[in-house]
Amino acid sequence: MGLIGMFAFLQVYSVQAILPVLITDFAATEVQAGMVVGATVLAIAIMSPFLGMLSDAVGRKVFIVGALLFLTLPTALIAQSPSIGWMGVWRFLQGLSVPGITVVTIAYIGEEFEGRAVTELMSFYVSGSVLGGFMGRFLLGHLHELIGWRAGYYVMAAMTLLGALWVTKMLPVSRQFVANPNFRSAIQTLGSHLVNRYVVTACLLGACVLFSLVGCFTFINLHLADTPYELSTGALANIFAVYLLGVIITPLSTTLLRRFGSARTVRVAVVVSMLGVLLTLVAPLWGVVIGLAVMSSGVFITQSATISYIAVNVKKGRSLASGLYYMGYYAGGTLGAWLGGITYARGQWSLTVWLLLFVQVLALLIASFGMIKTKSKAA
């Protein structure tokens, strides 16, 4: 599960490490650069609920493997991009395949396992996705310095193909899956989810979480590539090592969830994340790095708690519920890329920080008033 999460997110944010280079190569604006990140995120938001419904009718493993194979193609085509616009098109196509991995994997875990195993496997899946987010940025940043970003994307495509072959061999076929090809039933399930407090709260919280993460880790690159830091793509890639904290912290969040429940855990994690965002305003580079580490740790715990919240509390139409969650989650990320670009262009990093804090206050209010205060173990 951890490695599936890694392959799913290897491509999603990789472009963040080379944003300053793309602005120079394509003579692009900050908003255009942000939307190259947002293109993939937007496609994931659009496709998540539909692939969830389709997977409920067809199956799990076939979707996960097929999505990984499809992801290989636009990843290779990015290397041929003649303009920032075409790069956005290929990035959008990348995003179309990602829900076939993410949404379906969460449904797979919810069906094949129960109780404590669900929370633990979900934390490993999130850890893997965190590792993939780091590896994509880290590898592409250093590949650019070695062979250029275009050739680097060919390497990334080859890695995704190997991932698809590995999952084909290693992922067990579903044993508990029951096909539901009835479209009318799927629409009824969708209607019930849209008024389900668990699902709606998780979707809103997810939107705030990814808005913060995308807004922060997209535009901090432009901030650190500018004076006085003037970091290279390799150095920017190294900054993303703070993501590795999430690989360690996310499994530990399982203990917090069992002891304090989702609502309390999320509230504390959001406050921690806000403190991290404020720390990025300090002048020394080491202070910015610590701020990013604290901010991302809070976000990863929030994400793990929210996903577990859905898996534990939603029993019917899990794949569709996961799809709706990811729709809200990535819609928030798209807004983070767009509004973050506008804000950065007008007020640089300091104004962007206040935008991120505003969204995190919203997340705190949603967690405080929307989440049912039950412990995962008891639920």
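A residue counts as exposed when its relative accessible area is over 50%, and as buried when that area is under 20%. In this predicted model, Arg175 has a relative accessible area of 65% and is therefore exposed. Glu112, at 10%, falls under the lower cut-off and so is buried. These two residues make a good place to start, since they form a salt bridge with each other, the closest N and O atoms lying 3.7 Å apart. The bridge links distant parts of the chain: Glu112 belongs to helix H6, while Arg175 sits in the loop between helix H8 (149-170) and helix H9 (183-194), 63 residues away.

A search of the whole structure turns up 2 salt bridges. Besides the pair just described, Arg60 forms a salt bridge with Glu111, and here the closest N and O atoms are 2.4 Å apart. Glu111 is a residue of helix H6 (residues 99-112), whereas Arg60 is in the loop between helix H3 (30-58) and helix H4 (61-77), so this pair ties together parts 51 residues apart in sequence. Both Glu111 and Arg60 are buried.

Helix H6 also packs against other helices. Its axis and that of helix H1 (residues 2-9) come within 9 Å and cross at roughly 155 degrees. Angles over 145 degrees count as roughly antiparallel, and H1 and H6 are therefore described that way. The crossing of the two is left-handed. On the H1 side the contact is made by Ile4, Ala8 and Phe9, and on the H6 side by Ile101, Thr102 and Thr105. H1 itself is mostly covered, with 6 of its 8 residues buried. The buried ones are Ile4, Gly5, Met6, Phe7, Ala8 and Phe9, so Ile4, Ala8 and Phe9 turn up both in that set and in the contact with H6.

The relation between helix H5 (residues 84-97) and H6 is another matter. Their axes come within 5 Å and cross at roughly 20 degrees, and the two helices are therefore roughly parallel. Gly95, Leu96 and Ser97 of H5 meet Pro99, Gly100 and Ile101 of H6. Ile101 is also among the H6 residues that touch H1.

Turning to the interior, the largest nonpolar core has 114 residues, and Met87, Tyr153 and Tyr330 have the most contacts inside it. Helix H14 (residues 318-370) gives the most to this core, contributing 17 residues. Nonpolar side chains tend to be buried together in soluble globular proteins. Tyr153 has a varied set of partners: leaving aside neighbours within four places in sequence, it is in contact with Gln11, Ser14, Val15, Ile18, Thr75, Ile78, Ala79, Met87 and Leu140. One of these partners, Met87, is itself listed with Tyr153 among the residues with the most contacts in the core.

A polar residue is buried as well. Gln16 is found in the loop between H1 and helix H2 (19-25), and its relative accessibility is 0%, which means that it counts as buried. Beyond the neighbours within four places in sequence, Gln16 is in contact with Val37, Arg137, Val214, Phe217, Thr218, Asn221 and Phe240.

Arg264 gives a contrasting picture. This arginine is in helix H12 (residues 244-279) and counts as exposed, at 52% relative accessibility. Arg264 and Ala367 are 103 residues apart in sequence, yet their C-alpha atoms are 8.1 Å apart in space.

A few backbone details remain. Most residues other than glycine have a negative phi, and most peptide bonds are trans. Ala27 has a positive phi, near 50 degrees, without being a glycine. Ala27 lies in the loop between H2 and H3 and, at 66% relative accessibility, counts as exposed. Gln348 likewise has a positive phi, of about 55 degrees, although it is not a glycine. Gln348, however, is placed in helix H14 and is partly exposed, with a relative accessible area of 35%. As for the peptide bonds, a cis bond joins Thr227 and Pro228, with omega at about 10 degrees. Pro228 lies in the loop between helix H10 (197-225) and helix H11 (233-239).

Note on methods. Residues are numbered from 1 along each chain as its sequence is written. This is a predicted model: local features need pLDDT of at least 70, side-chain atom pairs count only at pLDDT 80 or more; totals for chains, interfaces and linings use all residues. Side-chain values use heavy atoms; hydrogens and water are left out. A nonpolar core is a set of buried Ala, Val, Leu, Ile, Met, Phe, Trp, Tyr and Cys residues joined through side-chain atoms within 4.5 Å. Buried means under 20% relative accessible area, exposed over 50%, partly exposed in between (1.4 Å probe, protein chains only). Helices (H or I, at least four residues) and strands (E, at least two) are DSSP runs, numbered from the N terminus. Contact means heavy atoms within 4.5 Å. A salt bridge is a side-chain nitrogen of Lys or Arg within 4 Å of a carboxyl oxygen of Asp or Glu. Axes are lines fitted to C-alpha atoms, for helices over the stretch in contact, and angles run from 0 to 180 degrees between N-to-C directions. Angles under 35 degrees count as roughly parallel, over 145 as roughly antiparallel, 65 to 115 as roughly perpendicular and the rest as oblique. A crossing is left-handed if the near helix is turned anticlockwise from the far one by less than a right angle, and right-handed if clockwise.
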